[in-house]
Amino acid sequence: MSFRPHEFGRGMVRGGSLAVLHRLMHHRCAVAMLLGVACSDSAENAGRDETASSSSGEPSSASATATGGTEVSGGAGTTGGETSADLEGTTGSADDETTPLPDPSSGEESSDGPMASQEYAREIQVAVHDQVKTILVVTWEQAIAADRVWLAFSFEGGESMTSRAHPGGTGTHRDVVLGVPGETEVEVSIVSEIEGMQYVTTPHMGTTGAVPASMPVPTVLAYEAELASPDRFLLGAVEDSADDVGENLFSYLSYQAWLYVMDRQGRIVWYYNDPSRNSPMGFPRIARDGEYLIAEESRVGGEGRILRMTLDREYFDPFDLPGLADAIDVTDDGTLLFDVGRSGELHERTPDGTDRAIWSCEAENLGFDNCYSNTINWNAVEDSVFMSFPEPGAVVEIDRATGTLIGHYGNQAGAWEFAPPLEAPPEAWRFGFQHFPNLTPQGTLLVSSHMPGYEAFEQTPTPNQHAFVEFAIDRGSQTLTEVWRYTEGPEWPRARGMAIRLANGNTLANYGTAGVIREITPDKQTAFHVKFDIPTGDDNYNKLVGHNFFVDDLYALNGGPL
Amino acid sequence: MRSTDLRLGLTALGLASSWGLGCDDAEDPSDEATVSTTRNGDESTATSSTTGTTGTSSTSTESGDTTGGETTTAASEGTGESEGSGFANVGVCGVRSRGIVTVDSYDAYEEFYLIGDEGFGEDLCVIRFDVTRVGAGPEGCSQSAGQQDECVWAHLVAYRNPSVLLDLNGACAQSELGLDEDAIALQDGQQIGYGYVVEYQGHNSVLLTHDAADGSWTPFVNAGWAEASGALQFDWRSGFCRY
């Protein structure tokens with residue numbers, strides 16, 4: 001078996017504290033655990049609650065987590081800035097997992113493991129990122145060239161995590177610690193790999209800064225790990241809607257907007273907000289042509305802007321996009337898809353900046369009374385684009401290359417037929433202020449929609465009358481046939497709402513203005529339930545959430561364009 | 001820092017630009033050369049003295065394609081005293097409003113503010129004006145109603161009864177906000193046209209302002225208005241500004 005550095009720690013070792021391991025630093029197994037791999041030596045200790053000793057004979061209180069672990073007393077760590085290894089500063093436990101140590105060089109399991117060494121990486125500094133306080137920036141001087149170098153880190157006694165490996169030439173290096181909540185002490189070591197052998201420094205301590213107090217705070221109402229997808233993080237957008245937004249519904253989109261990454265405990269581990277602007281921002285995307293984020297800013301009066309950034313903002317490339325109407329998507333060659341103006345005109349902007357009008361709602365003249373579109377979703381399989389027109393209750397699918405209408409689903413005469421529902425009510429399907437039509441990996445159409453009879457934008461919120469509904473598309477007979485629906489959630493999205501199918505078959509859904517996000521199993525259990533709550537007023541209206549996606553490897557959002 | 005050619009009858013955006021407040025468009029709060037204010041994505045020079053609204057186009061160094069990203073970088077780096085400004089810290093300036101508005105009445109307040117710590121901190125300065133209707137809005141609002149056909153209301157309003165609600169360490173005057181007694185007095189009594197469009201674009205509902213110089217109505221800020229209660233609110237961030 002072989003390991004890539006950023007995979008270390010994923011399901012390998014839990015509860016391995018770097019500080020405790022530091023006490024064992026001369027012990028090869030300890031170093032192995034620091035890296036998130038297990039050591040054969042530890043097999044001897046499995047199931048025991050015993051006192052470990054370092055090679056110097058100094059006693060250590062580390063104990064196997066199988067017996068609950070033993071806290072190591074010590075002083076506080078440092079807060080940001082330059083830190084040094086702090087033997088006394090942390091709490092943790094060793095791990096008792098006994099998986100043989102892999103040998104990354106040979107791909108075979110081996111009893112050999114990383115070696116403790118301070119010779120390779122020197123002048124190590126850990127500092128809080130200037131702009132994103134939950135990121136730690138680690139710099140060091142690589143004194144001896146290595147094939148590859150990376151960070152190994154952990155916090156709160158959790159699993160060991162690693163950054164991406166990069167070439168380990170001599171000189172100054174920089175890397176970042178991602179995935180850590182605010183105000184959290186982190187133990188970081190630098191791993192240098194030469195010819196398959198890994199050399200690791202003693203842990204250095206850093207503490208992330210505070211998440212801005214003005215950021216909306218999510219509440220995790222449920223998390224069933226055994227039901228949930230394996231992804232550890234959720235990327236999304238949320239507006240800091242005011243407490244009385246339910247009494248002034250048109251005030252949505254007038255408050256500060258935030259992008260975030262939260263972990264499964266609802267802790268914010270990354271954020272973006274520009275407090276100097278008034279820019280609704282609700283539709284982040286994960287780039288398909290690189291490792292970065294894309295988000296829109298729909299400024300007042302149709303002056304839009306697109307933001308492209310890595311999590312650490314080493315790459316940050318915004319550009320103005322006049323006329324940007326609402327949502328966006330991106331293709332795998334970096335082309336941006338968006339719509340402009342009241343005519344519902346679909347455009348693409350290629351990476352070289354070329355703008356091309358692909359299709360126009362007004363020109364197609366499907367009889368819509370309003371050509372405002374709330375969704376742009378690219379279908380990579382067909383190279384088509386789904387657009388959603390909530391007012392007339394219509395979804396169209398456009399061939400991107402030709403601009404040809406290849407699908408028209410919805411409530412109008414001439415639209416494709418809905419087959420009878422799986423069960424009544426409803427007696428027949430209609431779209432109701434639908435949002436985010438998209439194609440699942442199975443080729444079905446997944447839509448967030450008010451149920452028939454409750455279609456109107458101004459509809460009084462009604463529990464269980466909103467559906468995340470999936471249709472099979474029969475392109476031959478031009479028929480949509482329901483295959484799955486979820487109406488168990490009592491929440492009501494007056495606007496927005498989305499659902500996407502995950503790799504494990506679950507559905508990640510949100511309720512827009514209701515401020516609620518759910519991960520739903522195929523049998524309609526809730527695996528993950530998050531709320532951006534407004535604790536006062538009408539619970540139908542909370543902080544507005546935008547698009548969201550699960551992410552497991554945050555470094556896959558930090559590489560930049562290819 | 002504050003310009004002496006104060007224009008009358010301005011909203012906060014007018015204040016920012018005509019006073020030369022340096023409520024930048026976020027791009028580089030530490031750079032004196034980019035002092036400007038943004039409205040609707042357009043840059044206006046800090047010392048615009050024509051109408052008090054957005055005025056002339058920018059002479060700043062930003063292109064619009066490259067600068068937003070440096071927003072917080074610049075802010076962070078700008079916490080050191082910027083050369084010539086005399087102000088050591090970076091905050092965010094803006095104006096926020098709450099009130100009750102009908103098609104026949106306008107009874108609100110507006111608060112000009114400065115938020116510390118690069119906009120992530122606490123209020124350092126809050127100066128409130130009553131803003132009330134003094135007449136019908138100028139003609140033409142509905143011709144500038146975005147994806148809609150009309151403004152649901154338009155009023156001519158006036159600023160009155162200024163009061164300093166918060167002024168930590170003299171931040172109101174000792175900042176690029178520049179709201180000292182003279183500046184406050186100049187704003188007292190000024191008039192401006194406001195109009196409102198529900199869902200101007202997408203779901204964004206917008207407050208428009210009237211430019212008396214050219215007679216145009218232009219979107220000012222996303223704003224919420226509830227027809228049933230008449231509740232109006234908006235919060236317009238004019239950009240980074242130093243203090």
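This talk covers one strand and its partners, a four-stranded sheet, two pockets and the cavities. Keep in mind throughout that this is a predicted model.

Let's start with β13 of chain A. The strand runs over residues 197–200. Its side chains alternate. Gln198(A) and Val200(A) point to one face, and both are buried. Met197(A) and Tyr199(A) point to the other face, and these two are not buried.

What does β13(A) pair with? One partner is β12(A), residues 185–194. That pairing is antiparallel and takes four bridges. To find the register, look at Glu193(A): its bridge partner in β13(A) is Gln198(A). So much for the strands; now the turn. The hairpin of β12(A) and β13(A) has two residues between the strands. Look at Glu195(A) in this hairpin: its phi is positive, near 50 degrees.

Another partner is β5(A), residues 115–116. Here the sense is parallel, over two bridges. Met115(A) stands opposite Tyr199(A) of β13(A). Tyr199(A), remember, belongs to the face that is not buried.

Next, the sheet. It is open, has four strands and belongs to chain A. The order is β18-β17-β16-β41, with antiparallel pairing. Which strands are the edges? They are β18(A), residues 268–272, and β41(A), and each pairs on one side only. Neighbouring strands are turned against each other by 20 degrees on average, ignoring direction.

Inside that sheet, take β16(A) and β17(A). β16(A) covers residues 233–239, and β17(A) covers 257–263. They pair in the antiparallel sense over seven bridges. For the register, Gly236(A) stands opposite Tyr260(A) in β17(A).

On to the pockets. The largest has a volume of about 750 Å³. Its lining counts 29 residues. Nearest the centre are Arg288(A), Leu439(A), Ile500(A), Arg501(A) and Phe549(A). Several strands of chain A give two or more residues to this lining, among them β24 (324–330), β33 (435–439) and β37 (498–501). β41(A), residues 545–551, is also one of these contributors. We met β41(A) a moment ago as an edge strand of the sheet. By class, the lining has 16 nonpolar, seven polar and six charged residues.

The second largest pocket holds about 620 Å³. Which residues are closest to its centre? From chain A, they are Asp240(A), Tyr255(A) and Gln256(A); from chain B, Asp235(B) and Arg237(B). The full lining has 28 residues. In chain B, β3 (90–101), β4 (106–115) and β10 (231–242) each supply at least two of them. The split by class is ten nonpolar, nine polar and nine charged.

Last, the cavities. How many are there of 30 Å³ or more? Nine. The largest has a volume of about 210 Å³. It is lined by 25 residues. Closest to its centre are Leu253(A), Ala495(A), Arg496(A), His203(B) and Asn204(B). Three elements give two or more residues each: β21(A) (293–298), β24(A) and β7(B) (191–201). β24(A) appears here again, having also contributed to the largest pocket. The cavity lining divides into twelve nonpolar, eight polar and five charged residues.

To close, two places to look at on screen. Go to the second largest pocket, where Tyr255(A) and Arg237(B) are among the residues closest to the centre. Then go to the largest cavity, where Leu253(A) and His203(B) are among the closest.

Note on methods: Residues numbered from 1 in each chain as written. Chains lettered and ligands numbered in written order. Predicted model: local features only at pLDDT ≥ 70, side-chain atom pairs only at ≥ 80, totals over all residues. Heavy atoms only, no water. Buried < 20%, exposed > 50% of the residue type's maximum accessible area, 1.4 Å probe, protein only. Pairing = 2+ DSSP bridges. 1 Å grid on protein atoms, 1.4 Å probe; cavity = no way out; pocket = protein on both sides within 12 Å on 5 of 7 lines; lining within 4 Å. Points joined across faces, edges and corners; volume = space filled by probe spheres on them. Nonpolar A, V, L, I, M, F, W, Y, C, P; charged D, E, K, R; others polar. Axes fitted to C-alpha atoms, helices over the stretch in contact; angles between N-to-C directions.
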